[in-house]
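Let's take a walk through this structure together. Have the sequence and the 3D view handy as you read.

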Amino acid sequence: MIRVLLVDDHEMVRLGVSAYLSAQPDMEVIGEAEDGKKGVELALQLRPDVILMDLVMEPMDGIAATREIIGAWPEAKIIVVTSFLDDENVFAALEAGATSYLLKTSKASEIADAIRATFHGQSVFEPEVAGKVMRNYRKQEERLPHEQLTSREMEVLLLMAQGKTNQEMADELFISLKTVKVHVSNILAKLGVQDRTQAVIYAFRHGLVK
């Protein structure tokens, strides 16, 4: 059974999706949350196989919730299900760690298929989102490696260049040690280097550190 957590502030949406997924022979809805804060709590408590995440919620939105879940549990698989297709929301959600991105206009069967695909390690995107991702990927290929770093990853890289330990970086940036380790791993991958020393050398060679 694929264990699913629903995070959406609209009760009717949760009821409809939950009823459909619960009728699937290979799925089980193990929890529902009406906002991102509760979604984070349930995700870390229940450890579902797949999380369906709305974006616009109070007091914590889906992007912040996704970022917090991935920071504490990098293996989490999160499908954003939203009404928004603007670049800001799409790339913020993907940067936060969302695995797949669908619209609320998707058929229930399409959401179920996306859950199965995501559960098996694939990413599923709304066609327009897929186009945005491909265009952004092509732009990234034309940029220098460090230009692909997020603002937070750049902060971590500069602290690494100062000789800070992971714990010191976590304390200075007010994030968890696990989140720092995720950032360091992403930095090494984006810069195409093997370890922290090579990352720091890269930073000095490209004038990122004075």
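What follows goes from the overall fold to a pair of helices, then a pocket, and finally two spots in the backbone.

Keep in mind that this is a predicted model. Start with the big picture: the chain is built from 10 helices and five strands. Its radius of gyration comes out at 18 Å, close to the 17 Å that the globule rule gives for 210 residues, so the chain is as compact as a globular protein of that length. If you draw a box around the C-alpha atoms along the principal axes, you get roughly 60 × 35 × 30 Å.

Now look at two helices that pack against each other. Two packed helices are described by the angle between their axes and the distance between the axes. Here the pair is α8 (residues 166-173) and α9 (residues 177-191), with an angle of about 110° and axes 9 Å apart. Because angles of 65 to 115 degrees count as roughly perpendicular, that makes α8 roughly perpendicular to α9. From the α8 side, N166, Q167, M169 and A170 make the contact, and they meet L177, V180, K181 and V184 of α9. Sorted by class, this contact has five nonpolar residues, two polar ones and one charged one.

Next, the empty space. Rolling a probe the size of a water molecule over the atoms shows where empty space is left. The second largest pocket holds about 190 Å³. Which residues lie nearest its centre? They are D8, V13, V17, V81 and I111, out of 15 that line the pocket. The elements giving two or more residues to this lining are β1 (2-7), α1 (11-22), β3 (50-53) and α5 (108-119). Helix α1 supplies the largest share, four residues. As for chemistry, nine of the lining residues are nonpolar, two are polar and four are charged.

Finally, the backbone. Most residues other than glycine have a negative phi, and most peptide bonds are trans. R47, in the loop between α2 (36-46) and β3, has a positive phi near 50° even though R47 is not a glycine. On the other side of β3, the loop leading to α3 (62-72) contains P59. The peptide bond from E58 to P59 is cis, and its omega is near 5°.

Technical notes
Residues numbered from 1 in each chain as written. Predicted model: local features only at pLDDT ≥ 70, side-chain atom pairs only at ≥ 80, totals over all residues. Heavy atoms only, no water. 1 Å grid on protein atoms, 1.4 Å probe; cavity = no way out; pocket = protein on both sides within 12 Å on 5 of 7 lines; lining within 4 Å. Points joined across faces, edges and corners; volume = space filled by probe spheres on them. Nonpolar A, V, L, I, M, F, W, Y, C, P; charged D, E, K, R; others polar. Axes fitted to C-alpha atoms, helices over the stretch in contact; angles between N-to-C directions. Parallel < 35°, antiparallel > 145°, perpendicular 65-115°, else oblique. Contact = heavy atoms within 4.5 Å. Rg over C-alpha atoms; globule rule 2.2 N^0.38 Å.
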